Amino acid sequence: MMKKTTSEQSATLAPSTEANGSGAVQEHEIVLSAEHVKKKIGKRWIIKDVTFTVRAGEIFGFLGPNGAGKTTTIRMLVDLIRPTEGKIMICGYDVNREPEKALAYVGSIVENPEMYPYLTGWENLQHFARMQPGVDERRIQEVTEIVRLDERIHDKVSKYSLGMRQRLGIAQALLGRPRLLILDEPTNGLDPKGIRDMRLFIRELAAQGMAVFVSSHLLSEIQLLCDRVAIVGSGRVMAVGSVEELVEDKEHLVIWELAESERGAALLGSLSGISVLDHNEAHLDNDTAASLTANSIITRTPEEQIPVAIRELVQAGIAVHNVRKLNPTLEQLFLGITEGETIE
Ligand SMILES: Nc1ncnc2c1ncn2[C@@H]1O[C@H](COP(=O)(O)OP(=O)(O)OP(=O)(O)O)[C@@H](O)[C@H]1O
């Protein structure tokens, strides 16, 4: 089961590697921690309790529906607004007490960075590099290659696609060799190829030891990209765990294509733990719904019952043409986490 945040230990921060002079990233070093962070705006608690830690080399997802409090949390992580209560530490520095030291380790795209469309990508990066000590032309070349913009870096930004602009934004965030990269919904508006490219180089960055914090409202995206995830709803981190933990023990929607659909549906419905759903009841996404035939059977099925059901069907002489297990949706995860419990 997923770990409830109430049981997550308070983070003990390892000393910053700069402080011991090595400059190397220690594996498993805690790069970012938020401890019981809360934010009151006007009379309303927008953020009620956010606690999590992110380590070097880890891609950490911050997953929640629109309005859950992701952007407000990220704005606190990068000191655009201050928490009302709680503490945020980055590489050993308290973001609110020593923001300059803490944020020296951070590259972020929180609000879309201001790029000059009439300048080339390279000229934009030169502009940002001038504001940061120690960032030279060689570094500009490096970040250009990391985000795979080298072929188009001397074109005007006005000619860039949305995906290229996003990548230029990340290149800018990487200029200062951050240990922590913070991305707010980085794949918003990108086409499938753009999303895939983005995923690949975020993985490369993490493999080199960078900690990456990514917010999203899409479970499928977080599943493909992240090592661990915090589930956030109504201003609260409700659970933190690995992505495998997140989806384990959940009931799956399963789509069956059987030789005899009527008899098959009756048999499936008679098995313990399995319920047969009406096509409309299942709330499938459009692509899945379009792939159904009139004979497709949809069931809600605990994971361990799937092989049992297949065996029963075959023993009853009903040929199984196809079985598809659908991943749980964010809504199902929320239900699973909150079912029967009051989360403080
Ligand atoms: N300055 C503000 N004043 C009042 N309410 C605010 C303010 N900023 C955010 N909120 C409210 O706080 C809640 C969380 O907003 P936030 O933008 O952090 O959510 P989110 O998870 O990032 O969602 P989205 O993806 O839609 O931006 C929302 O209900 C929002 O209306």
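1. The secondary structure of the chain amounts to 12 helices and 14 strands, and it should be kept in mind throughout that this is a predicted model. Of the 344 residues, 36% count as buried. Among the contacts in the chain with a separation of 6 or more, 72% are made by residues 24 or more positions apart.

2. On the division of the chain, the domain assignment gives domain 1 as residues 5-247 and domain 2 as residues 251-327. The C-alpha centres of domain 1 and domain 2 are 40 Å apart.

3. The strands S1 and S2 deserve a description of their own. Strand S1 covers residues 30-41 and is joined by eight bridges to strand S2, residues 44-55, with the two strands running antiparallel. Within this pairing, Leu 32 stands opposite Val 54 of S2. S1 and S2 form a hairpin that leaves two residues between them, and in the turn Gly 42 has a positive phi of about 65°.

4. S1 also pairs with strand S4, residues 85-90, through five bridges, and here too the strands run antiparallel. One position in this pairing is Glu 35, which stands opposite Lys 87 in S4.

5. Two backbone conformations are worth checking by eye. Most residues other than glycine have a negative phi. His 36, however, has a positive phi of about 45° although it is not a glycine, and its place is within strand S1. Arg 148 is likewise not a glycine and has a positive phi of about 60°; Arg 148 is placed in the loop between helix H4 (137-146) and helix H5 (162-174). As for burial, His 36 is partly exposed, because 15 other C-beta atoms lie within 10 Å, a count that falls between the limits of 12 or fewer for exposed and 20 or more for buried. Arg 148 counts as partly exposed, since it has 15 C-beta neighbours inside 10 Å.

6. Around the ligand, the residues are Ile 41, Ile 46, Gly 64, Asn 66, Gly 67, Ala 68, Gly 69, Lys 70, Thr 71, Thr 72 and His 217. By class, this shell has three nonpolar residues, seven polar residues and one charged residue. Helix H1, residues 70-77, supplies the largest share of the shell, with three residues.

7. Glu 58 is a position that I would look at together with its surroundings. Glu 58 lies in the loop between S2 and strand S3 (59-63), and it counts as buried because it has 21 C-beta neighbours inside 10 Å, where the cut-off for buried is 20 or more. If neighbours within four places in sequence are left aside, Glu 58 is in contact with Ala 206, Ala 211, Asp 227 and Arg 228. Glu 58 and Ile 30 are 28 residues apart along the chain, and their C-alpha atoms are separated by 9.8 Å.

8. An open sheet of four strands has the order S12-S13-S11-S14, and its pairing is antiparallel. Its edge strands are S12 (275-277) and S14 (320-326), each of which pairs on one side only. On average, and with direction ignored, neighbouring strands of this sheet are turned by 30° against each other. Strand S11, residues 251-258, is joined to S14 by six bridges, the two running antiparallel; in this pairing, the bridge partner of Glu 257 is Asn 322 in S14.

9. Two helices can be described against this same sheet. Helix H9, residues 261-270, packs on the sheet and touches S11, S12 and strand S13 (297-302), with its direction making about 20° with that of S13. Helix H11, residues 305-315, also packs on the sheet, where it touches S11, S13 and S14, and its direction makes about 165° with that of S14.

10. A last point concerns one residue of helix H9, namely Ala 266. Ala 266 is partly exposed, because 13 other C-beta atoms lie within 10 Å, whereas a residue would count as exposed with 12 or fewer. Ala 266 and Val 276 are 10 residues apart in sequence, and the distance between them in space is 8.5 Å, C-alpha to C-alpha.

Methods. Residues numbered from 1 in each chain as written. Predicted model: local features only at pLDDT ≥ 70, side-chain atom pairs only at ≥ 80, totals over all residues. Domains from an automatic or database assignment. Near = placed C-beta within 6 Å. Nonpolar A, V, L, I, M, F, W, Y, C, P; charged D, E, K, R; others polar. Pairing = 2+ DSSP bridges. Axes fitted to C-alpha atoms, helices over the stretch in contact; angles between N-to-C directions. Contact = placed C-beta atoms within 7 Å.
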